[in-house]
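Biologist: I have the sequence and the 3D view open, and I'd like to walk through them with you. Shall we begin?

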Amino acid sequence: MDETTLKIERRDFLKLLAGAASGMMLSGYAFNKLAPVSQAYTDWPERIERWIPSVCLQCSGGCGLMARVVDGNVVKLEGNPLHPVNRGRLCPLGHAGLQLVYNPDRIKMPMKRVGRKGSTQWVSISWDEAIDLLAERLGELRERGQPHSLIVFDGRPTGLMGALWERFCHAFGTPNHLSADEPDGMRIAHRLMQGLDQLFGYDLENANYILSFGCQLLDGWRSPVQLARTYGYLRQERPGPRAKFVQIERRLSPTAARSDEWIPIRPGTEGALALGIAYVLIREELYDRQFVEQHTFGFDDWTDARGQRHKGFRRLVLETYRPENVSAITGVPVDTLIRIAKQFASTRPAVAIGSAEATLHSNGAFNALAIHALNALVGNIDLPGGVLIGEEIPFKRWPPIKSDAVAQEGRRRPRLDRAEADAPWLDALPLEALGERILSGTPYEVQAVFLYESNPVFSTPATARFAEALEHVPLVVSFASFMDESTAYADLILPDHTYLEKWQDGPAPPLSGVPTLGVTQPVIQPLYETKHTGDVILALARRMGGTLADAFPWADFKEVLMFSVRGCYEVRYGRVFSEPFEGAFVRQLQERGWWIPQFSSFEAFWKDLVKKGGWSGLFHEYGKWGHIFQTPSRKFEFYSQRLKAELEARAKRRGQPLEALLEELNITARGDDVFLPHYEPAQFAGDESKYPFHLNPFHVLVLNSGSSANLPWMQEIVGLHVHVKWDSWLEIHPETAQKLGIADGDWVWVESPYGKVRVRAKLYPGTMPEVVNIPIGLGHTASGRWASGRGVNPYALIGPAADRLGGLPARYATRVKISKA
Amino acid sequence: MPRWAMVIDLDKCTGCQACVIACKAENNIPFVSPEQAAMGRTISWMEIIPIVEGEYPRVRVRYIPRPCMQCDNPPCTKVCPVYATFKNEEGLVAQIYPRCIGCRYCTAACPYTVKYFNWYAPQWPAEMRACLNPDVSTRPKGVVEKCTFCHHRLQKAKEKARAEQRELREGDYVPACVQSCPAGAMFFGDLDDPMSTVAQLARSARAFRLLDDLGTEPKVIYLSEGEWYGPRKRA
């Protein structure tokens with residue numbers, strides 16, 4: 001026993017006492033100082049344990065984290081009890097953040113391609129070299145007057161990183177900052193009926209009747225933990241009568257399984273069912289007359305300024321959508337329809353929720369209109385328990401940009417996803433249509449593509465030909481953390497930090513209507529030579545100089561974040577996260593118009609913000625009708641004047657009568673019906689006689705659309721209800737399987753007009769007889785050792801079809817045939 | 001002495017499996033290769049058992065989160081030849097890895113199938129070893145492991161309470177799964193304290209225990225409306 005180890009300094013002893021008292025240090029520390037039993041003990045490190053708040057960025061749910069960091073390693077992620085989104089809870093993906101950060105397949109440094117495109121031969125380079133190289137290539141584009149030919153595919157277009165990309169594109173001179181996020185057709189309904197191009201929230205906690213048209217409320221929709229909390233609350237915690245939850249869906253998903261009633265429906269006919277429900281509401285006079293009279297337009301027949309009579313929603317519905325007609329379209333029995341409609345009307349507040357599942361169809365936009373119309377019929381817009389139109393987070397505005405002539409010229413070019421004058425559709429094209437455009441050089445040759453949090457080669461149908469498109473583009477830059485399918489085609493890889501190593505904003509998705517901002521902060525030092533993509537943008541702009549450099553007066557992304565959140569400090573509402581009771585008290589004060597400043601300086605605000613994990617606006621202000629209805633009539637429009645104006649303008653630009661345009665768009669309705677919520681027959685790729693089944697690709701919470709397939713924990717729990725691990729499966733109705741001679745676990749071929757995949761069949765009675773289901777997120781060909789080569793990607797089967805108005809991919813509109821492999 | 005118990009409200013459970021992964025992260029549970037998984041060797045101290053019943057369109061899917069039941073009358077301890085698994089004074093069924101000889105009698109005896117055998121030494125890529133929980137030992141090859149109700153958290157909670165010179169309070173000690181549950185479907189506490197949440201819930205008309213008629217006296221109590229298997233019995 002040597003002297004030095006026995007000696008206990010007074011300071012060490014005090015530290016030890018403090019450690020014991022606060023419980024913050026582990027026992028290893030004590031042994032180290034007190035009992036030098038063996039060399040092994042004395043070699044124990046002094047374990048410093050810290051809990052650091054942050055925000056999970058696995059999905060866009062915005063849950064608050066508490067990261068347990070021991071000796072510089074994060075060893076556990078738990079929920080932040082103060083965060084209003086998740087209140088200390090966390091979903092499986094959240095926990096598996098550990099396997100993301102410490103994943104052995106991470107890209108560890110910037111790399112440059114040396115082999116041919118797609119050959120995945122790389123050499124590592126320094127960051128200086130990488131940014132020099134990129135600045136040089138982008139500088140050439142500007143010199144050649146082609147800044148518009150840079151495309152940024154942004155998988156996280158909301159929040160400050162989206163704003164930073166937009167600013168970069170603005171200063172650089174490209175209009176092409178394009179969302180690579182999964183689309184949701186409800187947005188189109190909100191735009192056409194309320195004039196707001198955004199997704200709305202739903203106050204489910206106060207709803208008494210939830211009518212979900214395929215919405216995956218418990219399978220990863222928007223904010224998984226918040227939705228699960230709401231579900232638990234509605235089931236057993238909320239006093240009073242229990243809320244009823246009805247799921248209309250083509251598959252008995254876990255969400256449908258947890259609902260009070262599952263109503264199977266033929267794919268693509270959700271809009272028809274909504275209109276059938278509207279029929280009962282109108283026919284039986286069960287709709288909210290006061291709301292309809294005061295706040296809606298086009299319900300009854302009306303006369304325009306030129307004295308022309310127009311059909312109203314009431315007449316259209318009563319003439320066309322009798323329950324027996326709707327039942328024939330949807331396959332939902334008449335008595336079920338009438339019962340659901342009466343319950344929906346009589347159990348207020350009742351809310352109808354649409355979804356990507358109901359709207360990513362050939363008739364998606366019209367389905368969205370029909371579903372959203374129900375909320376207006378029961379007058380449940382901007383009410384507790386209803387549809388909430390949330391406020392933006394009050395970020396401080398960035399200084400205006402002065403762009404140079406080159407940038408201004410570039411910005412004047414049309415966006416890659418916009419229709420040219422001679423194309424019929426109304427909306428911007430979906431991501432899957434862009435591969436083809438890049439290949440054909442329409443409307444111009446694409447010279448450079450940036451991939452930020454997006455992997456279009458994997459997440460768009462094979463028919464979109466994104467792999468070929470990326471091979472075709474001279475400069476592809478990926479900011480991915482993993483060698484995913486799209487990054488394989490990159491010329492330059494500039495790997496981002498994972499979210500546990502960086503500063504970022506973590507806004508909560510629109511759900512409660514209350515603006516909520518979590519702060520993602522680094523809980524560990526970056527493990528590798530990765531760099532915050534925000535910092536890369538800033539460094540790139542500085543290197544390129546001129547107006548581009550002037551547009552970014554910040555040293556790093558943390559400065560951008562601090563600059564922006566100053567807005568939350570300066571607005572006179574909201575509060576840094578606090579205990580629920582304290583928050584409730586302050587909210588009550590603020591609802592009555594009181595405001596008590598919490599901090600004397602921004603520095604104090606920032607310090608507390610980072611310590612507590614974020615800021616919340618606390619309450620939703622009801623009754624701002626001018627904000628909620630930004631339509632020509634300043635009302636909710638059953639009859640969408642905007643749709644009419646847009647269609648007529650397009651027809652005029654193309655020099656054709658409206659009739660001809662509708663013909664071309666394959667819209668069957670004529671006259672006023674076109675602009676009212678109505679049902680357009682769903683169309684499917686593949687002839688029914690040859691391809692008898694509908695293919696329904698579905699999302700699984702733990703696969704996160706495929707980005708978490710390389711986390712072994714997620715692979716172990718992927719197919720819970722069918723007992724599948726580490727693989728894909730095809731859900732098939734037991735009787736259908738029997739007819740085809742398929743037994744549970746058999747290998748089968750699934751073939752569409754566009755491709756075929758081999759997968760194991762699982763007999764699942766929650767499958768409709770005419771539908772088969774395959775999960776989305778497996779079938780990677782890259783993306784890491786655990787993701788690659790496992791299962792199948794249903795996007796291999798899907799065609800390029802889009803919604804009639806053009807904005808939505810018809811991902812759920814493909815037919816397939818099944819044969820034993 | 002407290003009698004630690006868990007209550008799981010099946011009416012609130014969404015089957016999201018957060019508890020499963022929270023447990024794996026907390027307790028250093030290794031993942032196994034797909035090939036091993038196909039042989040049924042996935043280790044999952046907390047597991048959700050799905051039950052799919054009925055025929056289309058009247059199909060019912062239920063999820064039952066299943067940790068170790070920490071039976072008051074555990075069948076597993078009775079068959080252990082080396083006293084590696086035993087019920088400790090706080091009613092937790094302990095598993096002492098260095099004593100275990102890997103005979104798997106307990107694995108066979110447990111009617112809830114909560115015991116898992118380590119067919120080989122746990123394997124992690126070097127990078128992933130960094131995120132192991134320093135409070136929980138990893139298990140060697142050839143021993144049986146199972147849910148401990150996050151016993152290490154109890155030790156820490158006790159130390160903390162002692163340092164603060166107070167009794168253990170409700171909420172001081174909560175297993176990782178309970179803490180994580182997004183739906184708030186799980187509760188934990190002392191069943192012998194009549195005022196505790198778990199004791200109150202255990203008296204609910206919805207309460208039942210899995211395979212109660214075996215006489216194992218499990219300390220995991222489920223809540224569910226409607227009929228279940230067998231008669232209801234109070235815990």
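Biologist: Which residues in α25(A) meet those in α27(A)?

Modeller: Happy to help, and please keep in mind that this is a predicted model. Helix α25 (residues 557-570) of chain A and helix α27 (residues 602-612) of chain A have axes that come within 10 Å. On the α27(A) side, the contact uses Phe602(A), Phe605(A), Trp606(A) and Leu609(A). Their counterparts in α25(A) are Met562(A), Val565(A), Arg566(A) and Tyr569(A).

Biologist: How do the residues of that contact of α25(A) with α27(A) divide into nonpolar, polar and charged?

Modeller: Arg566(A) is one of the residues that α25(A) brings to the contact, and arginine counts as charged. The full division is 7 nonpolar, no polar and 1 charged.

Biologist: Are α25(A) and α27(A) roughly parallel or roughly perpendicular to each other?

Modeller: The axes of α25(A) and α27(A) cross at roughly 100°. Angles from 65 to 115 degrees count as roughly perpendicular. The description of α25(A) and α27(A) is therefore roughly perpendicular.

Biologist: What about α12(A) and α15(A): why do they count as roughly antiparallel?

Modeller: Helix α12 (residues 270-283) of chain A packs against helix α15 (residues 323-330) of chain A with the axes 9 Å apart. An angle over 145 degrees counts as roughly antiparallel. α12(A) is roughly antiparallel to α15(A) because their angle is about 165°.

Biologist: Is the crossing of α12(A) and α15(A) left-handed or right-handed, and which residues of α15(A) make the contact?

Modeller: The handedness of the α12(A) and α15(A) crossing is left-handed. From α12(A) come Ala272(A), Leu273(A), Leu275(A), Gly276(A), Tyr279(A) and Val280(A). By class, this contact has 8 nonpolar, 2 polar and no charged residues. The α15(A) residues are Pro323(A), Val326(A), Ile329(A) and Thr330(A).

Biologist: Now the sheets. Which are the edge strands of the open sheet of 7 strands in chain A?

Modeller: The order in this sheet is β5-β4-β19-β18-β17-β6-β7 (chain A), with mixed pairing. Inside it, β18 (475-478) and β19 (492-493) of chain A pair in the parallel sense over 2 bridges, with Val477(A) bridged to Leu492(A). An edge strand pairs on one side only, and here these are β5 (122-124) and β7 (177-179) of chain A.

Biologist: Which helix lies across β6, β7 and β17 of chain A?

Modeller: β6, β7 and β17 of chain A belong to that 7-stranded open sheet. The helix runs at about 175° to β6(A) and covers residues 159-172, making it α8 of chain A.

Biologist: In β30(A), what is the bridge partner of Phe693(A), and which residue stands opposite Val750(A)?

Modeller: β30 (residues 814-820) of chain A pairs with β25 (residues 693-698) of chain A in the antiparallel sense over 3 bridges. β27 (residues 747-752) of chain A also runs antiparallel to β30(A), joined by 4 bridges. Phe693(A) has Val816(A) as its partner, and opposite Val750(A) stands Ile818(A).

Biologist: Moving to chain B, how many residues does the hairpin between β2(B) and β3(B) pass through?

Modeller: β2 (residues 47-55) and β3 (residues 58-66) of chain B run antiparallel and are joined by 9 bridges. One of the pairs is Ile49(B) with Ile64(B). The hairpin that joins the two strands passes through 2 residues.

Biologist: Where do the chains meet, and which element gives the largest share of the side of chain A that touches chain B?

Modeller: The contact takes 49 residues from chain A and 46 residues from chain B. Elements of chain A that each supply at least two residues include α2 (10-22), β3 (73-79) and α31 (712-716). The residues on the chain A side divide into 30 nonpolar, 10 polar and 9 charged. The largest share, 8 residues, comes from α10(A).

Biologist: One last backbone check: which residue is joined to Pro349(A) by a cis peptide bond?

Modeller: Most peptide bonds are trans. Pro349(A) is in the loop between α16 (334-346) and β15 (350-353) of chain A. With omega at about -10°, the cis bond joins Pro349(A) to Arg348(A).

Conventions. Residues are numbered from 1 along each chain as its sequence is written. Chains are lettered from A and ligands numbered from 1 in the order in which they are written. This is a predicted model: local features need pLDDT of at least 70, side-chain atom pairs count only at pLDDT 80 or more; totals for chains, interfaces and linings use all residues. Two strands pair if DSSP finds at least two bridges between them. Two residues are in contact if their C-beta atoms, placed from the backbone, lie within 7 Å. Axes are lines fitted to C-alpha atoms, for helices over the stretch in contact, and angles run from 0 to 180 degrees between N-to-C directions. Angles under 35 degrees count as roughly parallel, over 145 as roughly antiparallel, 65 to 115 as roughly perpendicular and the rest as oblique. A crossing is left-handed if the near helix is turned anticlockwise from the far one by less than a right angle, and right-handed if clockwise.
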